[in-house]
Each structure stands twice: as C-alpha cells, then as structure tokens.
Amino acid sequence: MQFSYVTLFEGLIASYFEDSILKRAIAKGLLEITFLNPRDYTKNKHGKVDDYQASGGAGLVLFPQPLLDLLRSLKEKSPHAYIIFPTPAGKLFTQNDAKRLAHKEHLVFVSGRYEGIDERVIETFADELFCIGDYVLTGGELPSLVMSDAISRNIKGVLGNEDSLSIESFESPLLEAPCFSKPPLYEDKSVPSEFLKGNHAKITGLKK
Ligand code: ADE
C-alpha cells in the first residue's frame, strides 16, 4: 500500500512513521509513504498557496492552481490513486471505511490548512470526503494520520499478531474485552480468573 500526503507540513506527519508498528510496516515493504508539497507547484515568485475568500469571508483558503497541478501530475503517474480529503464537512470515518480502504493500492490524503481548500479542487479530484469527529482541527494532517493508522492495521501483515484483527472483526460494537498483563496479582489488584484460564470465548463476552 502506498500512502501519499499532500501537505504544507510534512514534518507533522513524517514523525508518526518513525516508531513502532508503522515503522516496521515500512521496513517490511508493506507500506510506502510519500509527501507532496503544494508549494512546489506554485507559479508565483513567493511560493504563495493561499488567498482571500471570494466571498469576502474571514480567513484564507488554499487557492486552486498549485493543488490542481499537483493532483493532475499525481494522477498521470498513478491513475489508480484514490484521493481522500479530510474535512469537517465529510462523512464520519468508521472502522468499516478503514477495512474497505485497506484493499486500495494507493491512497492520497490532501490536507487543508487555514479556512480550507477551494471547492473546485475537491469537486475535481475527491473520491471521498471524511470527517474524523465532531470538532474542528487546525488542518487535515491529524485526520489524515488517524485514518492512515486505522487503515494500516487492516493491511495483512502489518500487525504482528493477526489474532488482534480477527478479534475485532467479529466484535460489534467495537469494544474489546479489557486486557491484563502479568503478574496475576499486583499490589492488591488481581487479574480476573477467566483471563488466567485463557477462556477466550468468555473473555470476549466481558466487554469493557
Ligand atoms: N479538518 C479539520 N477538522 C477536521 C475533522 N474533524 N475531520 C476531518 N478533517 C478536519
């Protein structure tokens, strides 16, 4: 799976892949990540990417030219790229979306900043628009990461232990049983007996 991030702030995203499971997924060749900066596609002297709103409303918007040129060029090189725009106006991103999108070959996340992205870019290129929750963030980088994390763990081989996924797959609602490590008694708190007997059917019935 390839994830491409269209962002003005690569550093906000890149560091998340420098540790733990996603770092290993890259090392194993299961994930590849690339970054594209709209500033590299500007035609003005100062690399300006934002402008006032046509409506006269407060705040700046990413104007169409750099993003349209960037996405056109990306689609020429990768015609199957599936383009996602995180936005509070999108539909709520769910676990089912994470599972479905884990089968795509190449996902592209386009992060807006300021007041958002000119709607003409979204109309031209969006395959889907997603919101990650009922609140407004300062940009699309965190939502892009949240979605890519949830998608990655549904790619075969990314989680060391495939049982972790199968437990979730038949869970509805998505609450797993609580988990305990060793020792069975720590200070005055003990692990419930079902866990010590390894009775997984009973344990998964013990929702949080
Ligand atoms: N951009 C800003 N806030 C967002 C949210 N809640 N979900 C997706 N994209 C966003």
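In the predicted model, five strands form an open sheet in which the pairing is parallel, and their order across the sheet reads S2-S1-S6-S5-S7. The edges of this sheet are occupied by strand S2, which spans residues 32-36, and by S7, each of which pairs on one side only. Averaged over neighbouring strands of the sheet, and with direction ignored, the turn of one strand against the next is 30°. In general terms, the strands of a sheet pair through backbone hydrogen bonds, in either a parallel or an antiparallel arrangement.

Strand S5, which covers residues 82-92, stands between S6 and S7 in the strand order. Towards S7, the pairing of S5 is parallel and extends over five bridges, with Lys91 placed opposite Phe130 of S7. Towards strand S6, which comprises residues 106-110, S5 is joined by three bridges, and these two strands likewise run parallel; within this pairing, Tyr82 has Leu107 of S6 as its bridge partner. The connection from S5 to S6 passes through helix H4, formed by residues 95-101, and the resulting β-α-β crossover is right-handed.

The two strands S5 and S7 also take part in the surroundings of the ligand, since strand S5 (82-92) and strand S7 (128-131) each supply at least two residues of the shell around the ligand. The contribution of S5, at three residues, is the most that is given to this shell. The residues around the ligand include Pro86, Thr87 and Pro88, together with Phe130 and Cys131, and Phe130 is also the residue of S7 that stands opposite Lys91. Further members of the shell are Ile132, Gly133, Tyr135, Val136, Leu137, Gly139 and Pro143. When the shell is divided by class, nine of its residues are nonpolar and three are polar, whereas no charged residues are present.

Polar approaches between the ligand and the protein backbone are found at three of the residues named above. At Leu137, a backbone N or O atom lies 2.9 Å from a nitrogen atom of the ligand. At Thr87, a polar backbone atom is 3.1 Å from a nitrogen atom of the ligand, and a distance of 3.1 Å is likewise computed between a ligand nitrogen atom and a polar backbone atom of Gly133. Taken alone, the ligand exposes 260 Å², of which 96% is buried by the protein.

Key
Residues numbered from 1 in each chain as written. Predicted model: local features only at pLDDT ≥ 70, side-chain atom pairs only at ≥ 80, totals over all residues. Heavy atoms only, no water. Near = heavy atom within 4 Å. Polar contact = N/O pair within 3.5 Å; in protein donor to acceptor, adjacent residues only side chain to side chain. Areas by Shrake-Rupley, 256 points an atom, 1.4 Å probe, with all protein chains shown as cover. Helix = DSSP H or I, 4+ residues; strand = E, 2+ residues; numbered from the N terminus. Nonpolar A, V, L, I, M, F, W, Y, C, P; charged D, E, K, R; others polar. Pairing = 2+ DSSP bridges. Axes fitted to C-alpha atoms, helices over the stretch in contact; angles between N-to-C directions. Right-handed = clockwise from strand over helix to strand, strands pointing away.
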